[in-house]
Amino acid sequence: MEYCLFTEPQQGFSYDDQLAFARSAETHGLDGFFRSDHYLRMGEGDPLPGPTDAWTTLAGLARETSRIRLGTLVSSVTYRVPGILAIQVAQVDAMSGGRVELGLGTGWFEAEHAAYGIPFPPKRFDLLEEQLAIVTGLWSTPAGETFSFEGANYRLDAAPALPKPVQSPVPVIVGGGGPKRTPALAARFATEFNIGFVPEDVVAEKFAIVRAACEDIGRDPASLKFSVALPTIVGADDSAIERRAAAIGQTRAQFDNGANLIGRPEQIAEKVERLRDLGAERVYFQLLDLRDIDHADEVGTELLPLLPR
């Protein structure tokens, strides 16, 4: 089992806030620090200091950490053309000494596209399929050879397929609850399938669908990592839990929706045990208040020692 911190910096947090969380993860023995890839705050509240770019941030963290995995959960295909994305990720992989992971998805937040002038086509699964084919194709092309691609949305003509990432392959995360295309894309292209923000019965259902998609194309499902991402509030007592819920604009009852992780460390550990029994091999603890560094530290010092490995 692997355990990572997962954050949403567009909600009003700086690079330094993210660095503090990444350093907490590294200091206390967690396996990774992952962040969303968004440019606009969701919901009401103070947007200052403004958004930070995911891959610019990860490049900085690559040079300021030494052990933890670093990645997106997930980047949107609408933000970058795939040839440049492959270069960016390969460069950050080199800067980190081979610790980068690329989560890639269709994107969904139309308002941020309008705010920053980013095109938001109504149909994006074809973009995702082509980008996955291009990025993985560029990285896997042998040195000295070129990569070409002809699709409905992208064309590459004899790309030199450079630079090469340190890792071969770079881990690629595909996730979501779609019943057909998402499982098929995960089976074809991903090293990890992720499902987030759903209760345990849905986790079990989605894992089963993706395993079947692997079998349909002759892939061993055991070659694919399965993971869950869940909003998390951990506290030593009720007052700490309620305070952390209030800090993100919710009551404890609102946050405790049957899917989220909330409670004392031993209570959360019990749910993680159940997720492991369903097949989860990695858990992303989504912490929404990046100014509460004590929360990140408690995940590492109080919760992590209770979790299955």
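Modeller: Helices here are DSSP runs of H or I with at least four residues, strands are E runs of at least two, and both are numbered from the N terminus. The model is predicted, so local features need pLDDT of at least 70, side-chain atom pairs count only at pLDDT 80 or more, and totals for chains, interfaces and linings use all residues. Residues are numbered from 1 along each chain as its sequence is written, and side-chain values use heavy atoms, with hydrogens and water left out.

Colleague: Let's start after β7. Where is Ala-161?

Modeller: Ala-161 lies in the loop between β7 and β8.

Colleague: Why is Ala-161 called buried or exposed?

Modeller: Buried means under 20% relative accessible area, exposed means over 50%, and partly exposed is in between, with a 1.4 Å probe and protein chains only. Ala-161 has 6%. That is under the limit, so Ala-161 is buried.

Colleague: And what makes Ala-158 buried, partly exposed or exposed?

Modeller: Ala-158 is found in strand β7. Its relative accessibility is 39%. That value falls between the two limits, so Ala-158 counts as partly exposed.

Colleague: What is phi in Ala-158 and in Ala-161?

Modeller: Phi is near 55° in Ala-158 and near 60° in Ala-161. Both values are positive, in residues other than glycine. Most residues other than glycine have a negative phi, and most peptide bonds are trans.

Colleague: Which peptide bond before Pro-163 is cis or trans?

Modeller: The bond from Leu-162 to Pro-163 is cis, with omega near 0°. Pro-163 sits in the loop between β7 (155–159) and β8 (172–175). The bond from Ser-168 to Pro-169 is also cis, with omega near 5°. Pro-169 lies in the loop between β7 and β8 too.

Colleague: Now the helices. Why are α3 and α5 called oblique?

Modeller: Helix α3 (residues 82–96) and helix α5 (residues 125–140) pack at about 50°, with axes 9 Å apart. Angles under 35 degrees count as roughly parallel, over 145 as roughly antiparallel, 65 to 115 as roughly perpendicular, and the rest as oblique. The angle of about 50° belongs with the rest, so α3 and α5 are oblique to each other.

Colleague: What handedness has the crossing of α3 and α5?

Modeller: α3 passes α5 in a right-handed crossing.

Colleague: Which residues make that contact?

Modeller: Contact means heavy atoms within 4.5 Å. On the α3 side are Pro-82, Gly-83, Leu-85, Ala-86, Val-89 and Ala-90. On the α5 side are Gln-131, Ile-134, Val-135, Leu-138 and Trp-139. By class, the contact has nine nonpolar, two polar and no charged residues. Ala, Val, Leu, Ile, Met, Phe, Trp, Tyr, Cys and Pro count as nonpolar, Asp, Glu, Lys and Arg as charged, and the others, Gly among them, as polar.

Colleague: What makes α7 and α10 parallel or oblique?

Modeller: Helix α7 (residues 200–216) and helix α10 (residues 265–278) pack at about 25°, with axes 10 Å apart. That angle is under the parallel limit, so α7 is roughly parallel to α10. Glu-200, Val-203, Ala-204, Phe-207 and Arg-211 of α7 meet Lys-271, Arg-274, Leu-275 and Leu-278 of α10. These residues divide into five nonpolar, no polar and four charged.

Colleague: How do you know that β8 and β9 pair?

Modeller: Two strands pair if DSSP finds at least two bridges between them. Three bridges join β8 to β9, so they pair, and they run parallel. Val-174 has Phe-193 of β9 as a bridge partner.

Colleague: What covers β9, on one face or both?

Modeller: Both faces are covered. Glu-192, Asn-194 and Gly-196 are buried on one side, and Phe-193 and Ile-195 on the other.

Colleague: Which residues of α6 are buried?

Modeller: In helix α6 (residues 181–189) they are Thr-182, Pro-183, Leu-185, Ala-186, Ala-187 and Phe-189. Their cover includes α5, β8, β9 and α7.

Colleague: Why is Arg-219 classed as buried or exposed?

Modeller: Arg-219 is at 18% relative accessibility, which is under the buried limit, so it counts as buried. Arg-219 sits in the loop between α7 and β10 (225–234). Not counting residues up to four places away in sequence, its contacts include Ala-186 and Ala-187.

Key: Axes are lines fitted to C-alpha atoms, for helices over the stretch in contact, and angles run from 0 to 180 degrees between N-to-C directions. A crossing is left-handed if the near helix is turned anticlockwise from the far one by less than a right angle, and right-handed if clockwise.
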